[in-house]
Amino acid sequence: MAYLTLRNINKIYPNGFHAVHDFNLEAERGEFIVFVGPSGCGKSTTLRMIAGLEDISKGEFLINGEVANQWGPREREVAMVFQSYALYPNMTVYDNLAFGLSLQGVDEDVIDERVQKTAKILGLTDYLDRMPRALSGGQRQRVAVGRSIIRKVGIFLMDEPLSNLDAKQRVTMRSEITQIHRETGATTIYVTHDQTEAMTMADRIVVMKDGYVQQVGTPREVYFHPCNVFVAGFIGEPPMNFIRRTVENGCIEIAGAALDLKEKLGEKAKDYEGREIVFGFRPEAIALEKPENAYVLSGTVELTEMLGDNANVYLDMAEEKVILKVPPHEIPPMDSELSFFIPAESIYLFDGESEMVI
């Protein structure tokens, strides 16, 4: 039996706006699940329904097999970390951490023990006497996380907790939150629009768009086996390149090159004759020297971006523009002609109408 179960969950507001459509998910105890998608896709709304901060319009939410639709946040034993730190500005770090336990009437000795242990886990021991205004953004976020884990609840809910931090702090906090999850063993639902956070932190990812779940899978599954064009384009940085073409005699033509897709499509080749497909490949999947069984394309270098361990190369291929990732010592000159190769196993084909993977 799954620890958390969401069955056909819907959220419809009084004005008729349908924010979440038939959301289904089963989360095991101790799992780290990330909801990811663009702004307005319904991920935070779903999180708030799990927390009990939003009513569920239709569907069932179960905790450990019991229907919990009508349970309040306290009965659900959830702890939530918001995008804003929401610390008490007139309290020290120690008092911020201890406040929730004090309200529950926990013995002072137990509170002190838990505060000291939580502070040690989060590297806040030297800051317990400080006020929030004397802390950096990363330290404040650690305090906000600490207020959640100190309560020893079974479910942690995190709504874009790193969005207010700079790039270096986000990297540090990602690893810290992941480590805290391992130590506490709590079931964690984490919301973000940052696919890097999703890929690096999650046991499983739920990709959402316009209130609908697009795909649920491990980071490896959603990256290497996306179910549709949206997932393929959303997961990965830079995003996957897409080229729309009509199939003729089992081939498509791109920038003057005829690419034979009969081997890739197999028995489906005849079904797509005369129909539009979406040809996709990831920027990092290309090679500058020909491997076996590869497609060759070429274009004019418009722009290059040196990133240190690799470089982005923007190519103009007549009707199409694509992005390639190349080694830093192989950056081509501006305005030069560049040929590149795509291994056959690295291409993706999607139905031009449904945009689902073929």
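These legends describe close-up views of a predicted model.

**View 1. Lys 11 and Glu 54 form a salt bridge across distant parts of the chain.** The closest N and O atoms of the pair are 3.4 Å apart. Lys 11 belongs to strand β1 (residues 4-12). Glu 54 sits in the loop between α1 (43-51) and β4 (58-63). In sequence, 43 residues separate the two. Lys 11 counts as buried because its relative accessibility is 7%, under the 20% limit. Glu 54 is buried too, with a relative accessible area of 18%. Arg 48 joins Lys 11 and Glu 54 in a network of salt bridges. The structure as a whole holds 14 salt bridges.

**View 2. Glu 320 and Arg 245 bridge two strands.** Their closest N and O atoms lie 2.8 Å apart. Glu 320 is part of strand β17 (residues 320-326). Arg 245 is part of strand β11 (residues 241-246). The partners are 75 residues apart along the chain, so the pair counts as a link between distant parts. Glu 320 is buried at 16% relative accessibility. Arg 245 is buried as well, with a relative accessible area of 14%.

**View 3. Asp 260 pairs with Lys 262 in a partly exposed setting.** This salt bridge brings the closest N and O atoms to 3.2 Å apart. Asp 260 has 37% relative accessibility and counts as partly exposed. Lys 262 has 40% and falls in that class too. Both values lie between the 20% and 50% limits, and therefore neither residue is called buried or exposed.

**View 4. Val 36 sits in the largest nonpolar core.** This core has 45 residues. Val 36, Ile 177 and Tyr 190 have the most contacts inside it. Neighbours within four places in sequence aside, Val 36 is in contact with residues including Lys 43, Ala 198, Phe 234 and Ile 235. Also among its contacts are Thr 192, His 193, Asp 194 and Gln 195. The run Ile 205, Val 206, Val 207 and Met 208 touches Val 36 as well. In soluble globular proteins, nonpolar side chains tend to be buried together.

**View 5. Another nonpolar core lies apart from the largest one.** It has 30 residues. Val 247, Ala 269, Leu 338 and Ile 342 are among them.

**View 6. Helix α5 is largely enclosed by the rest of the structure.** The helix covers residues 137-149. Of its 13 residues, 10 are buried, so little of α5 is left uncovered. The buried set includes Gly 138, Gln 139, Arg 142, Val 145 and Ile 149. What covers the buried residues includes the helices α3 (93-103), α4 (108-122) and α6 (167-184). Strands β6 (78-81) and β7 (155-159) are also part of this cover. The helix should span 18 Å at 1.5 Å a residue. Its end C-alpha atoms are 19 Å apart, which agrees.

**View 7. Four strands form an open antiparallel sheet.** The strand order is β2-β1-β4-β5. β2 (18-27) and β5 (66-67) are the edge strands, each pairing on one side only. β1 and β2 pair in the antiparallel sense over 6 bridges. Leu 6 stands opposite Leu 25 in β2.

**View 8. Helix α1 lies across β1, β2 and β4.** The helix runs at about 120° to β1.

Notes:
Residues are numbered from 1 along each chain as its sequence is written. This is a predicted model: local features need pLDDT of at least 70, side-chain atom pairs count only at pLDDT 80 or more; totals for chains, interfaces and linings use all residues. Side-chain values use heavy atoms; hydrogens and water are left out. A salt bridge is a side-chain nitrogen of Lys or Arg within 4 Å of a carboxyl oxygen of Asp or Glu. Buried means under 20% relative accessible area, exposed over 50%, partly exposed in between (1.4 Å probe, protein chains only). A nonpolar core is a set of buried Ala, Val, Leu, Ile, Met, Phe, Trp, Tyr and Cys residues joined through side-chain atoms within 4.5 Å. Contact means heavy atoms within 4.5 Å. The expected span of a helix is 1.5 Å times one less than its number of residues. Two strands pair if DSSP finds at least two bridges between them. Axes are lines fitted to C-alpha atoms, for helices over the stretch in contact, and angles run from 0 to 180 degrees between N-to-C directions.
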